[in-house]
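Good morning, and thank you for coming. Please take a moment with the sequence and the structure before I begin.

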Amino acid sequence: MRLQPSARDHTMSTSKAAESLTVASSLVSEEQYGRAFAHYLLALALDPSIKERKDVEESFVDCLESWSSQLVSLQREKDAAWCFEQACDVWPESGSVLHAMGRFLFQSGFRGEGLSFLKKACCMGSKVPRPDWLWDLQNAASSLVDRWHFRMLNDRSRNQAYYDALERAVRTGHHRILDIGSGTGILSMLAVRAGASDVTACEMDPVMSDLSERIIKKNGMKNRIVVENMKSTEMNIDASTYDRFTLVVTEIADAGLLGEGIIPTLQHAWTHLLQPRNDASQHALPSQVIPAGATVYVQLIGGTYIRRRHGLQRDGPDIDSWSMPVVRSRCTPVTFDSNNTCDEGETEPYTSENLSQVPGGWRPLSAPLQVYQFNFCGAEILGVDHLREETISIPVIDSGHADAVVSWFELHLDSQSTVSSSPDSGSCWEQAVYPINADLHDCDMKVDPDDLVDVSCRCYPTWMSFSVKAVRRKVEGHEGTSDLSGDQNAGTQQRNPAFSSSNNSGNNCPKDARNEADREVSGLNHSSSQLDRHKEDMDTRHTTDGIYKHKEADFECSAPREDHSTLRTLSISSRDLALLNDSRYREFIRASLGHYAQKTSVPSKHEQADRKETESNDTILDMTGVGLVSLLGHKSIRPGGHVVHVISDEDRKLFLDEFFRRNEERLSNYRHITESDFRDGCMANDVRIVVSDLVDSNGTLKELTLEDISLACGRNPLVNVRVIPEVLRVHAICIESEELRRDTRITGTEPTLGLDVTLINEYKTSTQLDFCLSKLPHRRLTEPFVVFNFNLAQLGRSKNPLETFLQETESLVKVTDTGSISSVVYWFEMSSGSGDVISTLEEDTHWLQAAFMLDEDLAVKKGDEIRILSYIRNNALSFAVI
C-alpha cells in the first residue's frame with residue numbers, strides 16, 4: 001500500500017525532528033548552544049507533537065538561556081532578543097519560554113514588557129503557578145511599584161484628611177492645582193471630586209505615570225487631569241504668572257519626613273510653579289501648599305529587636321572571649337567631619353520600623369519631645385534654627401537600655417486637618433529609627449529616671465539626624481534634676497523648647513499643634529520676641545556656658561569616644577548583625593558542632609589510601625556568611641582540622657578579615673573563599689561538617705542554599721558528610737488578617753473614598769515578608785500543620801537531589817474558627833543529630849515570618865475540612881487552599 005504524500009511528509013518530518021533533537025542534545029553536551037538552539041527550532045517546527053514531552057521543554061529553555069547569556073557576554077543583545085522572539089513564535093503556549101523571555105527583557109531594562117511576560121507565564125498551564133515563577137514575578141513587581149503604595153492607598157484616615165483640606169481650598173477659589181509625586185493619581189482625583197477644574201499630576205516614574213493615566217481614565221476624569229511624566233523640578237512654566245498654579249498638593253514624605261525631597265521640591269515650586277504670594281493683581285489668590293507645614297517629634301526608646309540589628313552585642317562567653325571589631329549597621333548615625341558633611345552613602349542615617357509590630361515590643365524611656373517645625377508656606381523653608389547643630393537634653397522617665405532615638409511627624413494639611421505618623425496612629429507611615437550603638441560610647445546605655453541624654457540634632461534639606469552625645473547620670477545624695485528647667489512642674493516642652501521654623505508669614509499656614517482647634521492662626525512662625533526668647537533659652541540650656549555646665553558636678557557624664565580615628569569601625573547589614581547577635585541560634589550551632597565533632601566518621605580505607613592526612617585534617621565548611629563557626633566552633637575542631645568560610649559580599653569579608661587580624665594566634669586554621677570559588681570547586685574534598693544558614697531573616701528560604709548543601713555533600717561520595725541543621729521542617733497555618741491585606745493589595749473602594757484604584761493590583765505580590773506573627777493583628781483559622789520535611793544529610797547521597805527542590809504535598813486540615821482565609825503563614829523548624837531544635841517562629845531569634853497571600857479570600861466555617869496544596873521549587877514556596 002502506497003502512503004499518501006501527506007502521510008509520507010509527516011513521517012519524514014517526524015524522523016527529521018527526532019534526528020534534530022538528538023543532534024541538539026549532543027551539541028548541548030559540547031556547550032555549542034548556538035547550533036543546538038537552531039536544531040531545537042527546526043525540530044519543533046517539523047514536529048509540534050514533541051512539545052508534549054516535558055524533557056524537551058526543559059532542555060530547550062536551558063539551551064535558549066545558555067545561548068542568550070553567551071550572546072549578551074559578546075555584546076550581541078539584539079541577537080539574544082531575536083532568539084527569544086523565535087522561541088516565543090515556535091512555542092507560544094510554553095510557560096517556561098514566556099518566563100525566560102520575561103526574565104531576559106526585565107534584566108535588559110525593558111521592565112514593563114518583562115513583567116508582562118512573567119505574568120503570562122504564571123497564567124499558563126496548571127491552576128497553581130510554579131512558586132519560583134511567582135517569586136520572580138513578585139521581585140519584578142516590587143522593583144516597579146513600591147510596596148508602601150498599597151498601605152498608603154488603604155489608609156482611609158489619611159485619604160479623608162487630604163480630601164477635606166482640598167475641599168476647603170477649592171471652596172476658597174483654588175482650581176488650578178498641581179499634584180507633585182502623584183503616584184496613582186489619587187490626590188488629583190480627590191481634588192477633582194472636591195470641585196477643581198484644572199489639575200496637573202506630576203509623576204517622574206514611567207510605570208506609575210502610565211498606571212495613573214489608566215486609573216484616572218477608569219474613574220472618568222481623563223478630561224480633568226493632565227498627567228506629566230517628569231520631575232516637578234523639570235517643569236517649564238511660562239513666565240506669565242497667570243499660567244502658574246495657585247495650589248500644590250503633595251505627600252512626598254518618607255518615615256524621616258524629608259527623605260523624598262519635600263523641601264527642595266517645594267522650594268522649587270514656590271520659585272517657579274506657584275503664583276508669587278506678593279502678586280498685587282486684583283483677583284490674585286494667595287498661593288497655598290497642602291501640607292502647609294510639619295512638626296517633628298523624637299523619643300528615646302529601648303527594644304531588643306532594634307538593639308540586635310544595629311550593634312554587636314557582647315552577651316555571652318562565645319563572643320566575649322574574642323577581640324571583636326567595632327561594628328555598626330549601615331543606617332547608624334555617622335560621625336561628621338568639620339564641614340558638617342557625612343560619609344558617602346550615609347545621607348539617611350536612619351532605618352524605619354512599624355514600632356507597634358516589632359518583635360518583643362518597645363519601651364518608651366522618655367516622653368515625646370517636639371524638636372522641629374517646618375513652614376511650607378514659602379520658599380524659605382529652612383531657617384537658621386534648622387541648619388545649625390543643636391543639642392537637646394532628654395530627661396529619662398523610665399529605667400531601661402537606650403537603643404534608639406525614634407522620630408515621627410505631624411503633617412498639618414491646613415489649619416483644620418492634621419495626619420500623624422506616630423507609633424499609635426495606625427497610619428501608613430512607619431517611624432524613623434536612629435539606632436544607638438553602644439560600641440561607640442564609653443558607657444553602658446542603661447538609663448534610669450532623672451538621667452539626661454544629650455542628643456545632637458542636625459537638619460539638612462533631605463534628611464535629619466539625631467545621635468546621642470552623652471548620658472549624664474545623677475550622683476547619689478543629690479536632689480532630682482527638675483531645677484534644670486527652672487520649673488518643678490515643667491513638661492518636656494519647657495525643658496527643651498522646640499526649634500523654631502523660619503520666620504515666614506502666610507494666611508494659609510497651619511497653627512502649632514498645641515493650639516486649640518478653633519483658634520485663629522497665621523502660621524507656624526514665632527514672632528520676633530518669641531524667637532528671641534527661644535534662642536536665649538537654647539543658649540542658656542544647651543551651650544557649654546549654660547546652666548548644664550554649672551550643674552554638671554551633679555552628674556556622672558559619659559560621652560562617645562571623641563577620637564574615632566583610633567577605631568576601625570566596620571559596617572555590615574542589620575540582618576547580619578541580627579544573626580551574629582542571636583544567642584539562641586549560636587547555642588544551637590555550638591551544641592550541634594560539639595555532637596558531630598565526636599560522631600564524624602573515620603575515612604574509608606580507600607580514602608585513606610588516596611591521602612596521607614588522617615581524620616584530624618577534616619574540614620568544617622561554614623556557609624553562614626558571617627563566620628559563626630569561628631566564633632562558636634573553635635573548641636569543637638580537632639587538632640589539624642580546618643574551617644573554611646564561604647563569603648558572599650565585601651562587607652562580610654572585611655568583617656572576617658578584621659576579626660581574624662585581631663585574633664590571629666587563635667585562628668591559624670581558618671580561611672575563607674568566595675561563593676564563586678566554592679561553586680567552581682576551588683576547595684578540598686575533605687569536608688566532614690557543613691554548617692548552613694538556610695533561612696533568611698525575612699522568613700523565607702535563602703536562594704540556592706539547598707543546592708549548595710547538595711554540592712558540598714556530593715563532592716566526595718566516599719565521605720559521610722554531616723549537615724547542620726540535619727532536618728528542615730516547614731510549618732504553616734491559615735489565618736485571616738486585614739493588616740496583611742492592606743499591605744499587599746486593594747480590595748475595594750471604601751478606603752479610597754469611592755475611587756477605584758484596583759488597577760494597581762497588577763503589581764501586587766503573592767508573598768509578604770518581614771513580619772512578626774505574634775505582633776500581627778490576625779485570627780487563626782486552623783492549627784499549625786507540617787507541609788515539608790527535608791533530610792538535608794541525604795542531599796549528597798541522593799541520586800537525584802533535584803527531587804528535594806521540586807516537591808508538592810497535600811494536607812487535609814480542619815478549620816478551627818469561622819472566617820475568611822486570606823493567607824498561609826509559614827515558618828521553619830531545624831533540628832540536628834544532637835536532638836537540638838530551633839524554630840524561626842521563636843520571638844527571641846533573629847527571624848521574622850512570611851506569608852503566601854491567596855488571590856481571593858476563602859470563606860470557611862468552624863469544623864470544615866480543607867485541602868492545602870503546598871509547592872516548593874528552587875527554594876520558593878506557594879500554596880493553594882481548596
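**Salt bridges, a sheet and some unusual backbone angles**

Let me begin with one pair of side chains: Asp398 forms a salt bridge with Arg363, and their closest N and O atoms are 3.0 Å apart. The term salt bridge stands here for a side-chain nitrogen of Lys or Arg within 4 Å of a carboxyl oxygen of Asp or Glu. This pair links distant parts of the chain, 35 residues apart: Asp398 sits in the loop between strand S11 (390-395) and strand S12 (400-401), and Arg363 belongs to strand S9 (residues 363-364). The helices (H or I, at least four residues) and strands (E, at least two) that I name are DSSP runs, numbered from the N terminus.

Before going further, I should state that this is a predicted model, in which local features need pLDDT of at least 70 and side-chain atom pairs count only at pLDDT 80 or more, while totals for chains, interfaces and linings use all residues. Residues are numbered from 1 along each chain as its sequence is written, and side-chain values use heavy atoms, with hydrogens and water left out.

Are the two partners of this first salt bridge buried or exposed? Asp398 is partly exposed at 27% relative accessibility, and Arg363 is partly exposed at 42%. On this scale, buried means under 20% relative accessible area, exposed means over 50%, and partly exposed lies in between (1.4 Å probe, protein chains only).

A second salt bridge joins the side chains of Asp756 and Lys218, at 3.2 Å from N to O. Asp756 lies in the loop between helix H26 (738-744) and strand S27 (767-771), and Lys218 lies in helix H11 (residues 206-218), so the pair ties together parts that are 538 residues apart in sequence. Lys218 is partly exposed, with a relative accessible area of 45%.

A third example is the salt bridge between the side chains of Arg53 and Asp55, at 3.3 Å from N to O. Arg53 has a relative accessible area of 42% and is partly exposed; Asp55, at 43%, is partly exposed as well.

How many salt bridges does the structure hold? The count is 40.

Let us now consider the chain as a whole. The protein chain has 27 helices and 35 strands. Of its 882 residues, 56% are buried. Its accessible surface comes to about 38000 Å², and 47% of that surface belongs to carbon and sulfur atoms. These areas come from the Shrake-Rupley method with a 1.4 Å probe; for residues, only the protein chains shown count as cover. Among contacts (heavy atoms within 4.5 Å) between residues at least 6 apart in sequence, 77% join residues at least 24 apart.

I turn next to one sheet. Strands of a sheet pair through backbone hydrogen bonds, either parallel or antiparallel. Which order do the strands of this open sheet have? The order of its three strands is S30-S34-S35, with antiparallel pairing. Strand S30 (806-814) and strand S35 (876-881) are the edge strands, each pairing on one side only. Two strands count as paired if DSSP finds at least two bridges between them. On average, neighbouring strands of this sheet are turned by 20 degrees against each other, direction ignored. S30 and strand S34 (residues 865-873) run antiparallel and are joined by nine bridges. Within this pairing, Val813 has Ile866 in S34 as its bridge partner. Helix H7 (residues 131-144) packs on the sheet and touches S34 and S35, and its direction makes about 105 degrees with that of S35. For such angles, axes are lines fitted to C-alpha atoms, for helices over the stretch in contact, and the angles run from 0 to 180 degrees between N-to-C directions.

Finally, the backbone. Most residues other than glycine have a negative phi, and most peptide bonds are trans. The peptide bond from Ile290 to Pro291 is cis, with omega near 10 degrees, and Pro291 is found in the loop between strand S5 (288-290) and strand S6 (293-302). Another cis peptide bond joins Ile724 and Pro725, with omega about 0 degrees. Pro725 lies in the loop between strand S25 (722-724) and strand S26 (727-736).

Leu257 is not a glycine, yet it has a positive phi of about 75 degrees. Leu257 is placed in the loop between strand S4 (247-250) and helix H12 (262-273), and it is buried, with a relative accessible area of 0%. Leu704, also not a glycine, has a positive phi of about 70 degrees. Leu704 is in the loop between strand S24 (687-692) and helix H25 (705-714), and is partly exposed at 33% relative accessibility.
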